[in-house]
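Thanks for coming. I have one structure to go through today, and I will take it in short pieces. Please have the sequence and the model open.

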Amino acid sequence: IGENDFPHLEQLSLPKGVVGGTDHKFLRISDVPEVMQAIYRLKDRVLSYYEWDSLWLSLSDRSSDWYDDCISSELQLHPPFSVELVQAGTRHGWRWYGRSYTGTISHSCVGTASCEINWLDPEPDRESSDYENYEQKLQQLEQEINFYRGYLQPPTEGEYNRICREFIDRS
C-alpha cells in the first residue's frame, strides 16, 4: 500500500481472513514486517483504522514456523507467536510476544515474554517535549523483554528449547 493510494479513504475495517485484519493468523514469520509497515503507513491517514493497540495478529498453528510450548514444573513459556503494536510517546513499533508462567501452579508469576521492539519511526529528539514520556513508556516496554532479549522475531525451535533449558537449569 503506497502513501498516495486511496486518498479519500476515511475508514477501513478488515475482516479476520484478510491479511492485516483483526485476528489474522500469519503462515510465515517473514510475512509480518511488511504487513506491519503497511498498517503503520495507513495509521496517520485513517485515524479510525484501528486503535493502535487493539489489533490481534498471530502466527497460525498451521505455520511451518510453529512449534510447541515449553512446559515443566518450573516454567510454562509460550513461544512469542502473537504480534502487538506498541507506542512509546509518539514513537510506534511492534513486537512478537507470548505469555510466561513461572513457579509452582499455586504460586505462579504471570508475565509477558516479548521480543525486542521493531520500531517503525525514529526516536524523538532528546530536546522535544515528548522525550520524557517516550523514555518512561520505553522503560515499561523493555521490562517485558526478558526471555527473548536480542530477538526481533521468534527464535527458531532450537533456540527456543535452549532458552527454556537455560531457565530451568537456573531454577
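Let me begin with a single residue: is R162 buried, partly exposed or exposed? R162 is partly exposed, with a relative accessible area of 32%. Before I go on, note that what you see is a predicted model.

R162 has a charged partner. Its side chain meets that of E166 in a salt bridge, with 3.2 Å from N to O. The two residues sit 4 apart in helix 3, so about one helical turn separates them. In general, an α-helix has 3.6 residues a turn, so residues three or four places apart point the same way. E166 is also partly exposed, at 36% relative accessibility.

Now the overall layout. The protein has 3 helices and 8 strands. Along the sequence the order is β-α-β-β-β-β-β-β-β-α-α. There are 171 residues, and 42% of them count as buried. The accessible surface is about 10200 Å², with 48% of that belonging to carbon and sulfur atoms. As for contacts, take those between residues at least 6 apart in sequence: 63% of them join residues at least 24 apart.

Back to the charges. How many salt bridges does a search of the whole structure find? The search finds 5. I have shown you the one in helix 3, between E166 and R162. Another pairs R28 with D31, at 2.8 Å from N to O. R28 is partly exposed at 45% relative accessibility, and D31 is partly exposed as well, at 24%.

The salt bridge between E116 and R149 has its closest N and O atoms 4.0 Å apart. For those checking the cut-off, a salt bridge here needs the nitrogen within 4 Å of the carboxyl oxygen. E116 is in the loop between strand 7, residues 109-114, and strand 8, residues 118-119, while R149 is in the loop between helix 2 and helix 3, so this pair ties together parts that are 33 residues apart in sequence. R149 is partly exposed, its relative accessible area being 48%. There is also a network: E84, R95 and E144 are joined by salt bridges that share partners.

The loop that holds R149 is worth another stop. Q153 is placed in that loop too, between helix 2 and helix 3. Q153 is partly exposed, with a relative accessible area of 43%. Which residues does Q153 contact, leaving aside its neighbours within four places in sequence? They are I29, W96 and C115. From Q153 to V32 it is 121 residues in sequence, but 9.4 Å in space, C-alpha to C-alpha.

Next, helix 2 itself. It runs over residues 131-142, which makes 12 residues. From first C-alpha to last it reaches 16 Å, close to the 16 Å expected at 1.5 Å a residue. Y131, Y134, L138 and L141 are buried in this helix. These four cover an arc of only 80° around the axis, which puts them on the same side of helix 2.

Last topic, the aromatic rings. The count comes to 8 aromatic pairs. Take Y67 and Y160: their ring centres are 4.9 Å apart and their planes are at 40°, so the pair is tilted. This pair also links distant parts of the chain, with Y67 in the loop between strand 2 and strand 3 and Y160 in helix 3, 93 residues apart. Y67 is buried at 4% relative accessibility, and Y160 is buried at 0%.

Compare the geometry of W94 and W96. Their ring centres are 6.4 Å apart and their planes are at 70°, so this pair is edge-to-face. For reference, planes over 60 degrees apart count as edge-to-face. Both tryptophans, W94 and W96, are buried, and W96 is one of the contacts of Q153 that I listed earlier.

Which residues make up the aromatic cluster that includes Y67? W66, Y67, F81 and Y160 form one cluster. So helix 3 appears twice in this talk, through the salt bridge of R162 with E166 and through the ring of Y160.

That is what I have. Questions are welcome.

Notes. Residues are numbered from 1 along each chain as its sequence is written. Side-chain values use heavy atoms; hydrogens and water are left out. The expected span of a helix is 1.5 Å times one less than its number of residues. Buried means under 20% relative accessible area, exposed over 50%, partly exposed in between (1.4 Å probe, protein chains only). The arc is that of the directions from the helix axis to the C-beta atoms. Rings of Phe, Tyr and Trp (its six-membered ring) pair if their centres lie within 6.5 Å; planes under 30 degrees apart count as stacked, over 60 as edge-to-face and the rest as tilted. Contact means heavy atoms within 4.5 Å. Accessible areas come from the Shrake-Rupley method with a 1.4 Å probe; for residues, only the protein chains shown count as cover.
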